[in-house]
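Work through the exercises below with the sequence and the structure at hand, and try each task before reading its solution.

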Amino acid sequence: MSTHTDGTSPDYSPTFGQRVRRLRERNGQTRSVVGGLVGRPAEWVKAIESGRLQTPRLPLLLRLADVLGVEDLAELTGDERLSASSYTKAAHGALPAVREALTTYDLGQAEDEPSNAADLLTRVQEAWRVWHGSGGHRTRVAVVIPDLLADLQHAARSLEGNDRRRVLVALAETYHLAQLYLSFQPVPELVMLTGDRSMSAAQDADSPRAIAAAAWYMNHVFRDAGERHEARVDLAMKAADLLRPDNTPEDLARWGLLHLAASLSYAKIGHRGNAERFWDRADDAARRLGDDFAHPYLIFGRGMVDAYAITMNADLVRGGEAVEVAGRVDLTSMPSATRRSFHMIESARAYSMQGEHVAVVHLLKKALDISPETARFNIFARSAVTELAEAGSAVIRDDVRYLSGKLGIAAAV
């Protein structure tokens with residue numbers, strides 16, 4: 001009988017526990033980190049990996065898939081019929097149009113004159129205002145992205161000199177916007193594509209600031225793709241080294257943002273010391289910029305750094321500390337409805353770790369009110385409501401039913 005290089009036979013299929021261990025080790029996560037993030041002790045993870053415990057029920061399986069960065073439940077269970085995206089990710093109605101815009105290549109010689117660079121930059125700025133505004137930000141920005149990408153690509157091919165560099169920076173920013181639109185939808189390959197294209201455009205523009213922003217968004221791509229934290233931190237720090245944080249607020253904001261990215265990468269694998277050290281650097285940048293500063297589209301500033309302390313502590317499995325931070329962070333001044341909603345959901349995640357289900361549904365309803373499409377496309381929000389619906393607590397039953405309907409997962413109730 002022939003064997004693979006690792007000694008297994010061609011028809012070998014790893015057990016559920018072996019799959020969990022492989023994915024956990026790929027991510028550089030300890031059992032304590034994985035267990036804490038799904039609300040179970042490290043011994044539970046060990047029992048799963050050793051086969052002493054069998055595959056958990058769907059709500060917990062979904063939480064485990066999210067913590068391990070798994071898109072397809074088949075990666076965990078071996079059952080090709082199960083897809084995590086079927087349960088935790090929704091597809092926006094305009095996704096086909098955005099997909100076509102990203103995968104259509106104009107190989108001909110366009111005869112039309114390109115749009116003026118200044119006009120294109122104004123359109124990009126307006127698209128970001130739409131994204132951060134209240135209401136159906138995904139729906140509204142999805143209408144803008146296809147034509148904006150096409151016009152920017154045409155201008156980048158046609159213009160020269162400084163105008164071309166300005167357009168390339170705007171193109172990188174538009175790819176960031178497309179990446180955000182695609183996030184939490186069942187198209188990981190498109191998220192990777194937009195991240196790579198934004199970095200390519202930023203490098204082609206030879207703009208350290210554009211490269212720094214691309215590195216921030218690529219960190220999210222790498223984290224979702226299961227890239228080890230060393231690669232994420234290395235990218236962030238190399239991009240930070242290109243900046244001059246002592247010279248301008250613009251550079252300082254992006255420098256702080258990249259140190260925040262490093263903090264979140266370390267928190268994800270349970271490295272508390274490094275997570276807090278890099279967060280302190282981001283905190284120092286926010287302090288130097290002043291309490292009223294918030295970057296126009298990256299939103300880096302005092303409010304964002306404080307809010308991400310909730311995420312950092314939650315990822316470090318410090319539920320009590322995360323709840324404490326959530327209790328004192330004021331999100332009302334953050335000039336982005338999408339970010340306020342996201343950080344409200346992260347607060348709900350912190351309370352979930354403490355088993356405070358009434359607080360969880362309260363915060364999820366607030367997040368839904370602030371930005372419905374942020375809540376609807378958030379993996380934690382969807383998986384938490386699925387889990388709470390199965391728990392069947394009478395105290396929150398009506399709230400869970402309401403959330404299930406609003407999030408489009410009514411079948412889970």
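**Exercise 1. Helix pairs**

Task: Describe how α15 packs against α16, stating the handedness, the angle and the direction of the pair.

Solution: The model used here is a predicted one. Begin with the handedness: where α15 passes α16, the crossing is left-handed. Next take the geometry, for two packed helices are described by the angle between their axes and the distance between the axes. Helix α15 covers residues 272–289 and helix α16 covers residues 302–315, and their axes come within 9 Å and cross at roughly 165 degrees. Since angles over 145 degrees count as roughly antiparallel, α15 is roughly antiparallel to α16.

Task: Carry out the steps for α14 and α15, and then for α21 and α22, and decide which orientation word belongs to each pair.

Solution: For α14 and α15, the packing angle is about 160 degrees and the axes are 7 Å apart. This pair is therefore roughly antiparallel, and α14 passes α15 in a left-handed crossing. For helix α21 (residues 379–391) and helix α22 (residues 397–407), the axes come within 10 Å and cross at roughly 140 degrees. An angle of that kind does not go over 145 degrees and falls outside the range of 65 to 115, so the word to use is oblique, and α21 and α22 are therefore oblique to each other. The crossing of α21 and α22 is left-handed.

**Exercise 2. Positive phi angles**

Task: Locate Phe 184 and Ile 299 in the chain, give the phi of each, and decide whether each residue is buried, partly exposed or exposed.

Solution: As background, most residues other than glycine have a negative phi. Phe 184, which lies in the loop between α10 and α11 (188–205), has a positive phi near 65 degrees although this residue is not a glycine. Its relative accessible area is 31%, so Phe 184 is partly exposed. Ile 299 belongs to the loop between α15 and α16, and its phi is likewise positive, at about 65 degrees, in a residue that is not a glycine. Because buried means under 20% relative accessible area, Ile 299 counts as buried at 2%.

Task: Which residues of helix α3 are buried, and what phi does Gly 51 take just after this helix?

Solution: Helix α3 spans residues 42–50, and its buried residues are Trp 44, Val 45, Ala 47, Ile 48 and Glu 49. Just after α3 comes Gly 51, whose phi is positive, at about 90 degrees.

**Exercise 3. Apart in sequence, and how far apart in space?**

Task: For Glu 25, Glu 113, Arg 166 and Val 329, find the place in the chain, the exposure, and the C-alpha distance to one partner residue.

Solution:

1. Glu 25 is part of helix α1 (residues 16–27), and at 40% relative accessibility this residue counts as partly exposed. Between Glu 25 and Leu 68 there are 9.6 Å from C-alpha to C-alpha, although the two are 43 residues apart in sequence.
2. Glu 113 sits in the loop between α7 (95–103) and α8. Exposed means over 50% relative accessible area, so Glu 113, at 72%, counts as exposed. The C-alpha atoms of Glu 113 and Ser 158 are separated by 8.2 Å, while the residues are 45 apart along the chain.
3. Arg 166 has its place in helix α10, and with a relative accessible area of 31% this residue is partly exposed. Arg 166 and Leu 120 are 46 residues apart in sequence, and their C-alpha atoms are 9.4 Å apart in space.
4. Val 329 is found in the loop between α17 (319–328) and α18 (337–353), and with a relative accessible area of 16% this residue is buried. From Val 329 to Gly 303 the C-alpha distance is 7.7 Å, and the separation in sequence is 26 residues.

**Exercise 4. A pocket and its lining**

Task: How much space lies in the second largest pocket, and which residues and elements line this pocket?

Solution: The space in the second largest pocket is about 450 Å³. Its lining is made by 22 residues, of which Gln 125, Glu 173, His 295, Pro 296 and Tyr 297 are the closest to the centre. The elements that give two or more residues to this lining are α8 (117–132), α10 (161–182), α12 (208–225) and α14 (249–268). Sorted by class, the lining has eleven nonpolar, five polar and six charged residues.

Definitions and conventions. Residues numbered from 1 in each chain as written. Predicted model: local features only at pLDDT ≥ 70, side-chain atom pairs only at ≥ 80, totals over all residues. Heavy atoms only, no water. 1 Å grid on protein atoms, 1.4 Å probe; cavity = no way out; pocket = protein on both sides within 12 Å on 5 of 7 lines; lining within 4 Å. Points joined across faces, edges and corners; volume = space filled by probe spheres on them. Helix = DSSP H or I, 4+ residues; strand = E, 2+ residues; numbered from the N terminus. Nonpolar A, V, L, I, M, F, W, Y, C, P; charged D, E, K, R; others polar. Buried < 20%, exposed > 50% of the residue type's maximum accessible area, 1.4 Å probe, protein only. Axes fitted to C-alpha atoms, helices over the stretch in contact; angles between N-to-C directions. Parallel < 35°, antiparallel > 145°, perpendicular 65-115°, else oblique. Left-handed = near helix turned anticlockwise from the far one by under 90°.
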